[in-house]
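Ready for some practice at reading a protein structure? Grab a pencil, open the viewer and try each task before you peek at the solution.

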Amino acid sequence: MTFFRLPTFMVFKDKQVISTVHGADPRKLSEVVKRLAAEADSHGSGGFGETSAANPGWLGASLPRGYDDVTDQVDVRGLDLLNSDSSLGDARTLFNRSKPSALVSGREHTDLGGSERRIDWVESDTDEQLMLYIPFQSTLRVHTLQITSLPPKNTDQEADDAPVRPKTIHLYTNRAHVLGFEEAEDLVATQTIALQPQDWDGATGTAKIELRFVKFQKVSSLVLFVSDGYGEGEKVRIDRVKIIGEKGEKRELGKLEKIGDEAGE
């Protein structure tokens, strides 16, 4: 066994040491970090914003400690989306596990064999409101939502037609079906989130929304109601939705029951 007297920094990848720095040398440490960052940008490192064998789905933000991406528990056959532009993506698009096309560089796009940028996002239609119904294959404990929205920064569209990011989101748990817009406005939401511009990650366009965990312990379905967006635009854009939490018991599909007696549940 070898012992080092000086501080030793070892970098591991796939359980193998890929770099070692002996001594507290800021210059060498900085070079190692820059090299790893460059590799992550070009090839992916399994961190947030990338994919890996251990984590096959793209993530726009880091996971909270002790919780997993449970988006695979979404019952895509039961999804419902109201007031969406039918010429763009549908509800299933939001749960696509691939990196959003708006973040795919020209080189990556070519490597994927694409000749045109795919339409893999959702926009509202007649106004900025969207209503998304998300049933799950099992009861979940939902800790966090990750919402990715990537409206184009430079656009020739008029201000009213340019898509914007969601601003106010109302969540309703354990509903048997999608809510109508007027119905939702008359109900007390399980939680209402007012997103701020600084909540959106500059690199991935993702807002990480931590929920009042005690309210989301036995969730068999979730209704996500976007009531307005930022700016003058009358269309809201969403590229991805990720569900972060813990898996519970499998439920029998087709027998979704309302759980809980609290308002909004």
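Before we start, one cut-off: a residue is called buried when its relative accessible area is under 20%, exposed when it is over 50%, and partly exposed in between. Keep in mind that this is a predicted model.

**Exercise 1. Is D239 buried or exposed, and which residue does its side chain meet in a salt bridge?**

Step 1. Look up the accessibility: D239 has a relative accessible area of 0%, so it is buried.

Step 2. Now look for a charged partner. The side chain of D239 forms a salt bridge with that of R237, at 2.9 Å from N to O.

Step 3. Check the partner too. R237 comes out at 5%, so R237 is buried as well.

**Exercise 2. Find D120 and work out what its side chain holds on to.**

Step 1. Start with the location: D120 sits in the loop between α2 and β5 (122-123).

Step 2. Its relative accessibility is 2%, so D120 counts as buried.

Step 3. Leave out residues up to four places away in sequence and list what D120 touches: T93, K99, P100, S101, D239 and R240. You've already met D239, the salt-bridge partner of R237.

Step 4. Pick out the polar contacts between side chains. D120 makes one with S101 at 2.6 Å, and another with R240 at 2.9 Å.

**Exercise 3. Describe the surroundings of D90.**

Step 1. D90 belongs to the loop between β4 (80-82) and α2 (106-111).

Step 2. With 45% relative accessibility, D90 falls in the partly exposed class.

Step 3. Look at the side chain: one of its polar atoms is 3.2 Å from the backbone nitrogen of R92.

Step 4. Skipping residues up to four places away in sequence, D90 touches L81 and V122.

Step 5. Compare sequence with space: D90 and E123 are 33 residues apart along the chain, and their C-alpha atoms are 9.2 Å apart.

**Exercise 4. How many salt bridges are there, and which parts of the chain does the pair R97 and D69 tie together?**

Step 1. The count comes to 6 salt bridges.

Step 2. In one of them, the side chains of R97 and D69 meet at 3.8 Å, N to O. R97 is in the loop between β4 and α2, while D69 is in strand β3 (residues 68-69), so this pair links parts 28 residues apart in sequence.

Step 3. Classify both ends: R97, at 28%, is partly exposed, whereas D69, at 13%, is buried.

Step 4. Try another pair, R141 and E246, whose side chains meet at 2.6 Å, N to O. R141 lies in strand β6 (residues 130-148) and E246 in strand β13 (residues 240-250), so here the parts tied together are 105 residues apart in sequence.

Step 5. Both ends of that pair are partly exposed: R141 has 31% relative accessibility, and E246 has 25%.

**Exercise 5. Which residues of the largest nonpolar core touch the most other members?**

Step 1. Recall a general tendency: in soluble globular proteins, nonpolar side chains tend to be buried together.

Step 2. The largest core has 34 residues, and L132, L145, L171 and I243 touch the most other members.

Step 3. Ask where the members come from. β6, β8 (166-173), β10 (206-210), β11 (219-229), β12 (235-238) and β13 each give at least two residues, and β6 has the largest share, with 8.

Step 4. Zoom in on L145: its contacts beyond four places in sequence include L171, A207, I209, L222 and I243.

Step 5. Finally, spot the second, separate core: it has 9 residues, among them M131, A184, A189 and F225.

Note on methods
Residues are numbered from 1 along each chain as its sequence is written. This is a predicted model: local features need pLDDT of at least 70, side-chain atom pairs count only at pLDDT 80 or more; totals for chains, interfaces and linings use all residues. Side-chain values use heavy atoms; hydrogens and water are left out. Helices (H or I, at least four residues) and strands (E, at least two) are DSSP runs, numbered from the N terminus. Buried means under 20% relative accessible area, exposed over 50%, partly exposed in between (1.4 Å probe, protein chains only). Contact means heavy atoms within 4.5 Å. A polar contact is a pair of N or O atoms within 3.5 Å; within protein, one must be able to donate a hydrogen and the other to accept it, and residues adjacent in sequence count only if both atoms are side-chain atoms. A salt bridge is a side-chain nitrogen of Lys or Arg within 4 Å of a carboxyl oxygen of Asp or Glu. A nonpolar core is a set of buried Ala, Val, Leu, Ile, Met, Phe, Trp, Tyr and Cys residues joined through side-chain atoms within 4.5 Å.
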